[in-house]
Amino acid sequence: MSDGYIRLIPTDLQWQPAPDAAAAAVAYVARLFSGPADDVEEVDYEFYDQVTLIDAGENATRIRCSRCDGESDVGWLYDLAAENDEGFDRPDIAMPCCGAVVMLDTLRYDWPMGFARFEVSAMNPRRDKYELDATELADVAAILGHPVTQILAHY
């Protein structure tokens, strides 16, 4: 059986909210999936000590370099994250295609991915409108005190 996630992360990869704001965001997201035909297995938050890859799982397959537009298999990034215990001390990296050092959040992915030190995730959410819309993302941003983006992941 596979799992799907909606992963919400701050647009600034170093930013983290206050713990009470994180808990309030989780409660809000859980309510979004509480209708008669809606469901979510779990909604939770996580703080990370380092900038962490927030991946899209099986949805993503390719990365394009922001410097030379060269293409790399996403497995290269997954391997790099695993070698670094999923965290990055520095948010920049030398690309395998051209050797240029680029910021991780400037790479272009075939399916949205990101980097963050905080996330709210909803596991196996179900409703007619699966992903969060602009208003719902703005509401989460207001609760947290910082703009967010969403990563749709499938494992």
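What percentage of the 155 residues in the protein chain do buried residues make up? In this predicted model, the share is 47%. Buried here stands for under 20% relative accessible area.

The overall dimensions fit a globule. A compact globule of 155 residues would have a radius of gyration near 15 Å, and the protein chain has 16 Å, so the two agree. The C-alpha trace spans about 50 × 35 × 25 Å along its principal axes. Contacts reach far along the sequence. Of those with a separation of 6 or more, 77% link residues 24 or more positions apart.

The protein chain holds 3 helices and 10 strands. Read along the sequence, their pattern is β-α-β-β-β-α-β-β-β-β-β-α-β.

Helix α1 covers residues 19-32. Its 14 residues should span 20 Å at 1.5 Å a residue. The end C-alpha atoms of α1 are 20 Å apart, which agrees with that expectation. Seven names make up the buried set of this helix: A21, A22, A25, V26, Y28, V29 and L32. These residues lie on the same side of α1, because they cover an arc of only 165° around the axis. The spacing follows from helix geometry. An α-helix has 3.6 residues a turn, so residues three or four places apart point the same way. On the other side of α1, P19, D20 and R31 are exposed.

What covers the buried residues of α1? The cover includes three strands and a helix, namely β1 (4-10), β2 (42-54), β9 (114-123) and α3 (134-144).

A second region is built around an open sheet. It has 3 strands, in the order β4-β3-β8, and the pairing is antiparallel. The edge strands are β4 (71-73) and β8 (108-109), each of which pairs on one side only. Strand β3 (residues 62-64) is joined to β8 by 2 bridges, and these strands run antiparallel. In β8, R108 is the bridge partner of R64. Helix α2 (residues 74-83) packs on this sheet. It touches β3, β4 and β8. The direction of α2 makes about 60° with that of β4.

Two packing arrangements thus stand side by side in this description. In one, α1 has its buried residues covered by elements including β2 and α3. In the other, α2 packs on the sheet of β4, β3 and β8.

Technical notes. Residues are numbered from 1 along each chain as its sequence is written. This is a predicted model: local features need pLDDT of at least 70, side-chain atom pairs count only at pLDDT 80 or more; totals for chains, interfaces and linings use all residues. Side-chain values use heavy atoms; hydrogens and water are left out. Helices (H or I, at least four residues) and strands (E, at least two) are DSSP runs, numbered from the N terminus. The expected span of a helix is 1.5 Å times one less than its number of residues. Buried means under 20% relative accessible area, exposed over 50%, partly exposed in between (1.4 Å probe, protein chains only). The arc is that of the directions from the helix axis to the C-beta atoms. Contact means heavy atoms within 4.5 Å. Two strands pair if DSSP finds at least two bridges between them. Axes are lines fitted to C-alpha atoms, for helices over the stretch in contact, and angles run from 0 to 180 degrees between N-to-C directions. The radius of gyration is taken over C-alpha atoms; the globule rule is 2.2 Å times the number of residues to the power 0.38.
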